[in-house]
Amino acid sequence: MKVRIKFSKYGAMKFIGHLDVMRYFQKVMRRADIDIAFTGGFSPHMIMSFALPLGVGVTSSGEYLDIEIHTPISSKEAVRRLNEVMVEGICVQSFRQIEEGKSGKAMSLVAAADYTVAFREGKEPPAGWQEKFDEFLAQKQINILKKTKKSEKEVNICPMIYNCCTENEQVRMTVAAGSAANLKPELVIEAFASYIGWNMPEFSLLIHRSELYADTGTETQQKLVSLEELGEEILGS
């Protein structure tokens, strides 16, 4: 049975990198007595796949992990067992069965993500920045210099911003995510800072990821569905 686990990561755990989170969940599966499946061969390991690993320093209420289990267990019981052995800073929200095939591959499914960006006290943009942010978003092109390990090139990020607005003192956005196109929220804010001529101080941003989506629409019509919605609750016997 393939299962998708949704979990949150917050507090001091936001400073723990992806590889350590992966090792942590391997230990949690044993402690919670989840009958997880292993690969074959001389060096078997747990069948476990994360959807779009989170950057260090970013909190989230919408992280996903796919596993395979041998012995069925109800969603309610699995969530209880897992959270009983969790440390503070990681909390399992749901445990859902997913189908074989496309909906069972979280890593390749991710197409978009929701983020909220706040500013640390004393490191906010100049007064009235919200109105200027609307002007910034109204541009036909927002070009940034996107760097990779091998090169750097100028990219227009407008097509990768699906939704974006200011709310109180924060910025909420839905942006492209995943292997096809991936836009980090800090790049949007850096582009805005450049637009208004603001020398943004280091460590100004508090970033929270709230959801990951798959695109179940067509080539011409996007339809974003959360990875959680692609699974079903497992009922007890």
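**Strands, cores and salt bridges in a predicted model**

Strands S5 and S10 run antiparallel and are joined by 9 bridges; two strands count as paired here if DSSP finds at least two bridges between them. Helices (H or I, at least four residues) and strands (E, at least two) are DSSP runs, numbered from the N terminus. The structure is a predicted model, so local features need pLDDT of at least 70 and side-chain atom pairs count only at pLDDT 80 or more, while totals for chains, interfaces and linings use all residues. Residues are numbered from 1 along each chain as its sequence is written, and side-chain values use heavy atoms, with hydrogens and water left out.

Back to S5, then. One of its links to S10 pairs Ala113 with Leu212. S5 also runs antiparallel to strand S9 (residues 170-176), with 6 bridges between them, and here Val117 has Val171 as its bridge partner. How many of the 10 residues of S5 are buried? The count is 10 of the 10 residues (residues 110-119), so the strand is largely enclosed by the rest of the structure. Buried means under 20% relative accessible area, exposed means over 50%, and partly exposed is in between (1.4 Å probe, protein chains only).

S5 also turns up in the largest nonpolar core, along with helix H3 (106-109), helix H4 (129-137), strand S8 (161-167), S9, helix H5 (185-196) and S10, each giving two or more residues. A nonpolar core is a set of buried Ala, Val, Leu, Ile, Met, Phe, Trp, Tyr and Cys residues joined through side-chain atoms within 4.5 Å. This one has 41 residues, and Met173 and Leu227 have the most contacts inside it. H5 supplies the largest share, 6 residues. As background, nonpolar side chains tend to be buried together in soluble globular proteins.

What does Met173 touch, leaving aside its neighbours within four places in sequence? Its contacts (heavy atoms within 4.5 Å) are Ala113, Asp114, Tyr115, Val117, Asn163, Cys164, Pro185, Val188 and Ile189. Ala113 and Val117 from that list are already familiar as bridge partners of Leu212 and Val171. There is also a second, separate core of 27 residues, which includes Phe7, Phe25, Val79 and Met86.

Charged side chains come next. The structure holds 10 salt bridges, a salt bridge being a side-chain nitrogen of Lys or Arg within 4 Å of a carboxyl oxygen of Asp or Glu. In one of them, the side chains of Lys6 and Glu228 meet at 3.3 Å, N to O. Lys6 lies in strand S1 (residues 2-9) and Glu228 in the loop between strand S11 (224-226) and strand S12 (232-233), so this pair ties together parts that are 222 residues apart in sequence. Lys6 is buried, at a relative accessible area of 7%.

Arg209 and Glu63 form another salt bridge, at 2.8 Å from N to O. This pair, too, links distant parts of the chain, with Arg209 in strand S10 (residues 205-215) and Glu63 in strand S3 (residues 59-68), 146 residues apart. Are these two residues buried or exposed? Both Arg209 and Glu63 are buried.

Strand S3 also holds Thr59, which counts as buried at 17% relative accessibility. The side chain of Thr59 makes a polar contact with the side chain of His208 (2.8 Å). A polar contact is a pair of N or O atoms within 3.5 Å; within protein, one must be able to donate a hydrogen and the other to accept it, and residues adjacent in sequence count only if both atoms are side-chain atoms. Beyond its neighbours within four places in sequence, Thr59 is in contact with residues including Lys9, Tyr10, Ile207 and Arg209.

A local example is the salt bridge between Arg80 and Glu77, whose closest N and O atoms are 2.6 Å apart. Both residues sit in helix H2 (residues 75-84), 3 residues apart, about one turn of the helix. Salt bridges that share partners join Glu77, Arg80, Arg81 and Glu84 into one network. Arg80 is partly exposed at 39% relative accessibility, and Glu77 is partly exposed at 24%.

Finally, two loop residues have a positive phi without being glycine. Asp33 has a phi near 55 degrees and is found between helix H1 (18-31) and strand S2 (48-50); its relative accessible area is 58%, which makes it exposed. Leu52 has a phi of about 50 degrees and belongs to the loop between S2 and S3. Leu52 is buried, with a relative accessible area of 17%.
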